[in-house]
2 protein chains.
Amino acid sequence: MKQEAKAAAGGPATLWDRTRQLASREILDTALRLFTEQGYDETTIAQIAREAGVSQRTLFRYFGTKEELLGGDQERFGRVLTETVGGQPTGTGAWEALRAGVAAVLALHESREDALERFRLLHRTASLRAGWLEKRLRFQEDLLPLVEARMDGVRDSSDPGARAVVAAAFACLDAATTTWVAGDGEGDLMDLYDRSVAAVRGRP
Amino acid sequence: MKQEAKAAAGGPATLWDRTRQLASREILDTALRLFTEQGYDETTIAQIAREAGVSQRTLFRYFGTKEELLGGDQERFGRVLTETVGGQPTGTGAWEALRAGVAAVLALHESREDALERFRLLHRTASLRAGWLEKRLRFQEDLLPLVEARMDGVRDSSDPGARAVVAAAFACLDAATTTWVAGDGEGDLMDLYDRSVAAVRGRP
DNA sequence: CGCCCCCCTGGCAGTCACTGCCAGACTAAC
DNA sequence: GTTAGTCTGGCAGTGACTGCCAGGGGGGCG
């Protein structure tokens, strides 16, 4: 399991790494294609493996679960999110810092179309949404100490304040993406997020 | 499939209905006991069925999924929620109406201990949390029109405002229960919810 | 009371995601 | 060239869940 360390570096050094990366891409592309073509639940692992030219066993070695085939690099999302929020200058308010984090994560998507395609799939499939929400919870937990430090008046862990603010920010992001997908990608996602926050905080 | 209609009525009329209700109770109790004893993931359907004295097939006829064995009557939650929010007098603000709904749902729990036990299980098991969050999404969708009507300045479906407020309210509820469980049931849940809302809306 | 219809139940086989185990092939280092 | 470390595929197994089919038992009817 050394491929993770290598993946971070720029150029693939050994032949194995290159093969791995190639296979990984092939699997990922095949999966996304089949998912969009015929739906997530209707696509079986066996089919993806067959069309990608690997065995099921190998596919599961690359991606532990079916969800990971769609999620892309969700750990990267989490990393960018916490780093951005944590990297905001001291004195930045909690909401401002969270906004910067959201903006950074949204900027990670390759293109508007790619983002729309993924979000659409995510919103259509119940099981996928559930998985995504669960991952969100982990991000929230990671953000908690960072946000707590930027809020005054929060005393100890028995105060739900910081947790509520983080969860509310994600709720706004969710409302924004849902509206965005419902409107077929019309408008700017970040603008929808801002309007969501404004509605929640009661300042128009 | 007539048992649903009968269940709404007060007294069980026929012998079948009584048998059904008895079996249902037995399964539910067995499941909850095993879940708390050895954990959700570690408990198999086969074990629950065996100890409850029914076949797996029958168990799945009573409860479509493993999650339903813990969720209790989540549809009832949804019903109470929407009815309460919708039943608030006109002129009541969105946040106020949602607060009333949350209070009504929390009041449904049999006892503090029962609620704590279920929440604890819910927060411990990742797969369960995901399922619960997904159900929450459906509640949010149901509440959307009700809340939209109580907000001024919301124009059409391209405005994420109402959706954001509903999602934020659930986020506050989530923060409250998480804090409540983390503190082993100390304090009042509704009070934690109020403090969460206050933190989000920026009024101390 | 006897009849038939219908509902409910249990068992069996099958699907799908996912895991452990093992043998074989290939790469990399010496 | 040999050896050591990886990667791969296949196979069997688990666990949630579903469709199908036969059998038993209740409920309404004459």
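## R61(A) and the DNA

Let's start at the DNA: a polar side-chain atom of R61(A) lies 2.7 Å from a base nitrogen of DNA strand D. That pair is a polar contact, meaning N or O atoms within 3.5 Å of each other (within protein, one must be able to donate a hydrogen and the other to accept it, and residues adjacent in sequence count only if both atoms are side-chain atoms).

Before going on, a word on what you're looking at: this is a predicted model, where local features need pLDDT of at least 70 and side-chain atom pairs count only at pLDDT 80 or more, while totals for chains, interfaces and linings use all residues. Residues are numbered from 1 along each chain as its sequence is written, chains are lettered from A and ligands numbered from 1 in the order in which they are written, and side-chain values use heavy atoms, with hydrogens and water left out.

Back to the strand. R61(A) has company, as these polar side-chain atoms show:

| Residue | Atom of DNA strand D | Distance |
|---|---|---|
| S55(A) | phosphate oxygen | 2.9 Å |
| R61(A) | base nitrogen | 2.7 Å |
| Y62(A) | phosphate oxygen | 3.0 Å |

In total, 19 residues surround DNA strand D, and the closest include T58(A) from chain A, plus R57(B) and K66(B) from chain B. A residue counts as near the strand if one of its heavy atoms lies within 4 Å of it. Of the strand atoms that come within 4 Å of the protein, 59% belong to sugar and phosphate.

So how do the two protein chains relate? Chain B superposes on chain A by a rotation of 180° with 0.0 Å of shift along the axis, at an RMSD of 0.1 Å. That is the relation of a two-fold axis. The fit is by least squares on C-alpha atoms of residues with pLDDT of at least 70 in both copies. The copies meet through the same surface, because 97% of the interface residues of chain B are also interface residues in chain A.

Now look inside chain A, which is divided into domain 1 (13-68) and domain 2 (73-201), with bounds from an automatic or database domain assignment. Their contact (heavy atoms within 4.5 Å) takes seven residues from domain 1 and nine from domain 2. Together the domains bury about 680 Å², 65% of it on carbon and sulfur atoms; buried area is the accessible area (1.4 Å probe) lost on being put together, summed over both parts. On the domain 1 side, L32(A), Y40(A) and E67(A) lose the most area.

E67(A) also forms a salt bridge with K135(A), their closest N and O atoms being 3.6 Å apart. The rule (a side-chain nitrogen of Lys or Arg within 4 Å of a carboxyl oxygen of Asp or Glu) finds one salt bridge across this interface.

Terms used: Buried area is the accessible area (1.4 Å probe) that two parts lose on being put together, summed over both.
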